[in-house]
Amino acid sequence: MNILGAGTCRKNRKGFPGDVSRLVVPSQSQWGTFKRLYNRLFYLVATRWKNSKTLQFISNLRVTGVLNVQRRIGRSISTHECPEEITYYQDHMDAVDRGDQLHLKRSWLLF
């Protein structure tokens, strides 16, 4: 089966490969700083990206480009680099959340 997935995860997740600990993005880094680690055996990409906080992201999507995203800080808008798999996730995660909401609503109606 070719099931593609992507999502965020905690950096200290139990059972997580030790190689991911090499992805260090210092907290003083500028927004848009990121590092990636590829696992060719399982076709996984681990990414840490500095936004307002450091985000850890795991994906088996075959998108590895870099896009520019705009962030609003007060009244000013700034442009930062963002890994393509994160923007893809943000564009498509609403469908999963919506499905979870509908499932939860239906389960309440059954009782």
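Me: How many bridges join β1 to strand β4?
Reply: β1 and strand β4, the latter covering residues 54–59, run antiparallel and are joined by three bridges. This is a predicted model, and every feature discussed here should be read in that light. One of the pairings can be followed by residue: Thr-8 has Phe-57 of β4 as its bridge partner.

Me: In what order do the four strands form the sheet?
Reply: The order is β1-β4-β3-β2, in an open sheet with antiparallel pairing. β1 (6–8) and β2 (34–39) are at the edges with a single partner strand each, so one side of each has no neighbour in the sheet. On average, neighbouring strands of this sheet are turned by 15 degrees against each other, direction ignored.

Me: Let us turn to one residue of β4. Is Ser-59 buried or exposed?
Reply: A residue is called buried when its relative accessible area is under 20%. Ser-59, which lies in strand β4, has a relative accessibility of 2% and therefore counts as buried.

Me: Which backbone atom does the side chain of Ser-59 reach?
Reply: The side chain of Ser-59 reaches the backbone nitrogen of Leu-61, at 2.9 Å. Leaving aside residues up to four places away in sequence, Ser-59 also touches Gly-5, Ala-6, Tyr-43, Leu-44, Val-45 and Glu-85.

Me: Glu-85 is among those contacts of Ser-59. With which residue does Glu-85 form a salt bridge?
Reply: The general test is a side-chain nitrogen of Lys or Arg within 4 Å of a carboxyl oxygen of Asp or Glu. Glu-85 forms its salt bridge with Arg-36, and the closest N and O atoms are 3.1 Å apart. The pair links distant parts of the chain, since Glu-85 belongs to helix α1 (residues 84–110) and Arg-36 to strand β2, 49 residues apart. By this rule, the count for the model is one salt bridge.

Me: Are the two partners buried or exposed?
Reply: Glu-85 has a relative accessibility of 1% and so counts as buried. Arg-36 has a relative accessible area of 18%, and is therefore buried as well.

Me: Which residues make up the largest nonpolar core?
Reply: The largest nonpolar core has five residues in all: Trp-49, Phe-57, Val-69, Cys-82 and Ile-86. Among them is Phe-57, the bridge partner of Thr-8.

Me: What does Val-69 touch, not counting residues up to four places away in sequence?
Reply: Val-69 touches Ser-78, Thr-79, His-80, Cys-82 and Thr-87 when residues up to four places away in sequence are not counted. Of these contacts, Cys-82 is also a member of the largest nonpolar core.

Terms used: Residues numbered from 1 in each chain as written. Predicted model: local features only at pLDDT ≥ 70, side-chain atom pairs only at ≥ 80, totals over all residues. Heavy atoms only, no water. Pairing = 2+ DSSP bridges. Helix = DSSP H or I, 4+ residues; strand = E, 2+ residues; numbered from the N terminus. Axes fitted to C-alpha atoms, helices over the stretch in contact; angles between N-to-C directions. Buried < 20%, exposed > 50% of the residue type's maximum accessible area, 1.4 Å probe, protein only. Polar contact = N/O pair within 3.5 Å; in protein donor to acceptor, adjacent residues only side chain to side chain. Contact = heavy atoms within 4.5 Å. Core = buried A, V, L, I, M, F, W, Y, C linked by side-chain atoms within 4.5 Å.
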